[in-house]
Amino acid sequence: MAKRGFKLISMFAGAGALVLVILYMGGFLATDLILPGFEPAHAQEMDNKYEEAQARRTTWVDYYEAVGTVRPRTETRVEAQISAKVQKVLVRSGDRVEAGALLIILDDSQLNAKLGQSAQGLKSAKAALELATSEYGRIKRLYDKKAAPKRDLDRTREALERANAAVNRVAKEVEEARIGLSYTRITAPEAGQVIKRTIEPGDIALPGRSLLIMQTGGTLRLEAHVPESYISRVRVGQHLEVSVPALGEPLKGKVEEIVPSADPQTRTFLVKVTLKAVLDLYSGMFGRLQIPVGESAVVLAPKDAINRVGQLEMVLIKHKDGPRCVYVTTGRRRGSNVEILSGLSGHETLLMEAR
């Protein structure tokens, strides 16, 4: 019996020790247990001075973000009118130019030679015309005196007409050569900025081949693709917000055009939104068009009230026993406010370190 009693006592003692270990590991024996979601402020924090801010419940507009690209409102392609070798390119991407500024110089040696030949031909044709005119005048005077037959008059008249035609033909050749020569100096059609250069010295310029691409409209716009399920919420003339991540701050835009035909592959409509000119906004940047699609109730807190420690986010709230840390989960950010997904009810007074 004594042995059995000792065994029972040992078993109970071992079970009790195991329970104590489990309770200790679970934190149930800790005297400084922190309640879920709360953490007492440090003594140093208690001594700080704070500014107060209010967590509040409100309604936010929900947006669909249609992705797009910033492009020039007016884009001009500078092309060659003749085939010739490129001698000089006087501008680079990013350069701003005035209307009429010289951009590209093409080789003009062949055209100069052609112009010289045409000019010499015109000189000869004019000399022949002068001779034919003189001969016709002489025969005409003789014919009037009945001293020359009509066939001589007709012959000299035909010669004069051929000489006139020759002068006109060669004069046109000279003019064409001069025009062709002018095409070797490619100038800016209007004031703007070079956004792409596609030709280099030594290349061959061909008619219809783009040499430079210029932004000449002065303003940029976002071209976004909007799904067919949201296109009814967009209309021409509507003012919408545009987010360009590279700039940080949102922009205001005005819907300028909606292409009335959906892409059969993506089922999206192309929407063009004019943007206000701002510093550091360039063609080709990524952007998002914010399309309002509804409303939702949210809890907001100032972004400056959010403190981060590693991956954790917390706020300091005013409590009768002193400041208290509350862990929160944040969501969307707009301006100086942050959406609080969990941790606050929207009626708390928040404390921020005074600046």
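Asp 154 is partly exposed, with a relative accessible area of 25%. In this predicted model, the side chain of Asp 154 meets that of Arg 157 in a salt bridge, with 3.0 Å from N to O. Both residues belong to helix H4 and lie three residues apart, about one turn of the helix. Arg 157 likewise counts as partly exposed, at 31% relative accessibility.

**Helices H3 and H4**

Helix H4 covers residues 150–182, and its axis comes within 8 Å of the axis of helix H3 (residues 109–144). The two axes cross at roughly 160°. Because angles over 145 degrees count as roughly antiparallel, H3 and H4 are described as roughly antiparallel to each other. The crossing of H3 past H4 is left-handed. The contact between H3 and H4 comprises 22 nonpolar, seven polar and nine charged residues.

**Salt bridges**

The whole structure holds 17 salt bridges. Three of the pairs are set out below, with the separation between the N and O atoms.

| Pair | N to O separation | Relative accessibility |
|---|---|---|
| Glu 65 and Arg 288 | 3.5 Å | Glu 65 40%, Arg 288 26% |
| Asp 154 and Arg 157 | 3.0 Å | Asp 154 25%, Arg 157 31% |
| Arg 332 and Glu 339 | 2.8 Å | Arg 332 29%, Glu 339 9% |

The pair of Glu 65 and Arg 288 links distant parts of the chain, with the two positions 223 residues apart in numbering. Glu 65 lies in strand S3 (residues 56–72), and Arg 288 lies in strand S16 (residues 286–302). Glu 65 counts as partly exposed, and so does Arg 288. In the pair of Arg 332 and Glu 339, Arg 332 is partly exposed, whereas Glu 339 counts as buried. Since buried means under 20% relative accessible area, the 9% of Glu 339 places that residue in the buried class. Salt bridges also link Arg 71, Arg 221, Glu 223 and Glu 256 in a network.

**Strand S18 and its partners**

Strand S18 spans residues 312–317, and five of its six residues are buried, so the strand is largely enclosed by the rest of the structure. Strand S17 (residues 307–309) pairs with S18 in the antiparallel sense over three bridges. Within this pairing, Arg 308 stands opposite Glu 313. S17 and S18 form a hairpin with two residues between them, and Gly 310 in the turn has a positive phi of about 65°.

Strand S19 (residues 324–327) is joined to S18 by four bridges, and these two strands run antiparallel. Val 315 has Val 326 of S19 as its bridge partner. The hairpin of S18 and S19 has six residues between the strands, and Gly 322 takes a positive phi near 120° there. S18 also pairs with strand S22 (residues 349–353), again antiparallel, over two bridges. In this pairing, Ile 317 stands opposite Leu 350.

**The four-stranded open sheet**

An open sheet is formed by four strands in the order S4-S11-S9-S6, with antiparallel pairing. Strand S4 (75–79) and strand S6 (96–97) stand at the edges with a single partner strand each, so one side of each has no neighbour in the sheet. The partner of S6 is strand S9 (residues 192–197), and the two pair in the antiparallel sense over two bridges. Across this pairing, Arg 96 stands opposite Gln 193 in S9.

Conventions:
Residues are numbered from 1 along each chain as its sequence is written. This is a predicted model: local features need pLDDT of at least 70, side-chain atom pairs count only at pLDDT 80 or more; totals for chains, interfaces and linings use all residues. Side-chain values use heavy atoms; hydrogens and water are left out. Two strands pair if DSSP finds at least two bridges between them. Buried means under 20% relative accessible area, exposed over 50%, partly exposed in between (1.4 Å probe, protein chains only). Axes are lines fitted to C-alpha atoms, for helices over the stretch in contact, and angles run from 0 to 180 degrees between N-to-C directions. Angles under 35 degrees count as roughly parallel, over 145 as roughly antiparallel, 65 to 115 as roughly perpendicular and the rest as oblique. A crossing is left-handed if the near helix is turned anticlockwise from the far one by less than a right angle, and right-handed if clockwise. Ala, Val, Leu, Ile, Met, Phe, Trp, Tyr, Cys and Pro count as nonpolar, Asp, Glu, Lys and Arg as charged, and the others, Gly among them, as polar. A salt bridge is a side-chain nitrogen of Lys or Arg within 4 Å of a carboxyl oxygen of Asp or Glu.
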